[in-house]
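Biologist: I am new to this one, so could you walk me through it? I would like to hear the reasoning behind each label.

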Amino acid sequence: MKSFRKVLTLDIPKRRQLVNITPQVSAALIESGIREGLCLVNAMHITASVFINDDESGLHADFERWLEKLAPEKPYDQYAHNGFEDNADAHLKRTIMGREVVVAVTEGRLDFGPWEQIFYGEFDGKRTKRLLIKIIGE
């Protein structure tokens, strides 16, 4: 069994943003040479998420509105965590959206259902962030 590891870096100019990272993950899979196995993708920051869903702008806007209702950014003083930082809402949003995804690798490709794509969800951006891709298999 082979193991492959790659770290992606993203510069997110906004506080919150969803980024389709499927092309970068697919490129890492090709680079790995693994044809059958599993691909893990996880955010290496506690205020960011990786998830699978449709790449549709209306849905992304719905996520933003829904998450903001569940864990509004402001007022900052509503959260016990906020003091030195102002990102308690980002921690909560990450918990809701999840830390990682695992995708089956079949015949050298990510084995998705219709419309599935991998997204990085940034909830406390404006700086460089990292994602881990770990692929195991043969």
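Modeller: Gladly. Let us begin with a definition: rings of Phe, Tyr and Trp pair if their centres lie within 6.5 Å. By that rule, this structure, which is a predicted model, holds two aromatic pairs.

Biologist: Why is the pair of Phe 51 and Phe 63 called edge-to-face?

Modeller: Planes over 60 degrees apart count as edge-to-face. The ring planes of Phe 51 and Phe 63 stand at 75°, with the centres 5.6 Å apart, so the pair earns the label edge-to-face.

Biologist: Where in the chain do Phe 51 and Phe 63 sit?

Modeller: Phe 51 belongs to strand β4 (residues 48–53) and Phe 63 to helix α2 (residues 57–70). The two are twelve residues apart, and the pair links distant parts of the chain.

Biologist: How do you know whether Phe 51 is buried or exposed?

Modeller: Buried means under 20% relative accessible area. Phe 51 has 7%, so Phe 51 is buried. Phe 63, at 12% relative accessibility, counts as buried too.

Biologist: What makes the pair of Phe 51 and Phe 119 stacked?

Modeller: Here the cut-off is planes under 30 degrees apart. The planes of Phe 51 and Phe 119 are at 20° and their centres 5.6 Å apart, so this pair is stacked. Phe 51 lies in strand β4 and Phe 119 in strand β7 (residues 117–122), so the pair ties together parts 68 residues apart in sequence.

Biologist: Why does Phe 119 count as buried?

Modeller: Its relative accessibility is 0%, so Phe 119 counts as buried under the 20% limit. Ring pairs link Phe 51, Phe 63 and Phe 119 into a cluster.

Biologist: Now the whole chain, please. Which pattern does the protein chain follow along the sequence?

Modeller: The pattern reads β-β-α-β-β-α-α-β-β-β-β, which comes to three helices and eight strands.

Biologist: Why is the protein chain called as compact as a globular protein of its length?

Modeller: The radius of gyration is 16 Å, and the globule rule gives 14 Å for 138 residues; the two are close, so the chain is as compact as a globular protein of that length. The C-alpha atoms fill a box of roughly 50 × 30 × 20 Å along the principal axes.

Biologist: How many of the 138 residues count as buried?

Modeller: The share is 41%. As for contacts between residues at least 6 apart in sequence, 83% join residues at least 24 apart.

Key: Residues numbered from 1 in each chain as written. Predicted model: local features only at pLDDT ≥ 70, side-chain atom pairs only at ≥ 80, totals over all residues. Heavy atoms only, no water. Helix = DSSP H or I, 4+ residues; strand = E, 2+ residues; numbered from the N terminus. Rg over C-alpha atoms; globule rule 2.2 N^0.38 Å. Buried < 20%, exposed > 50% of the residue type's maximum accessible area, 1.4 Å probe, protein only. Contact = heavy atoms within 4.5 Å. Phe/Tyr/Trp six-rings, centres within 6.5 Å; stacked < 30°, edge-to-face > 60°.
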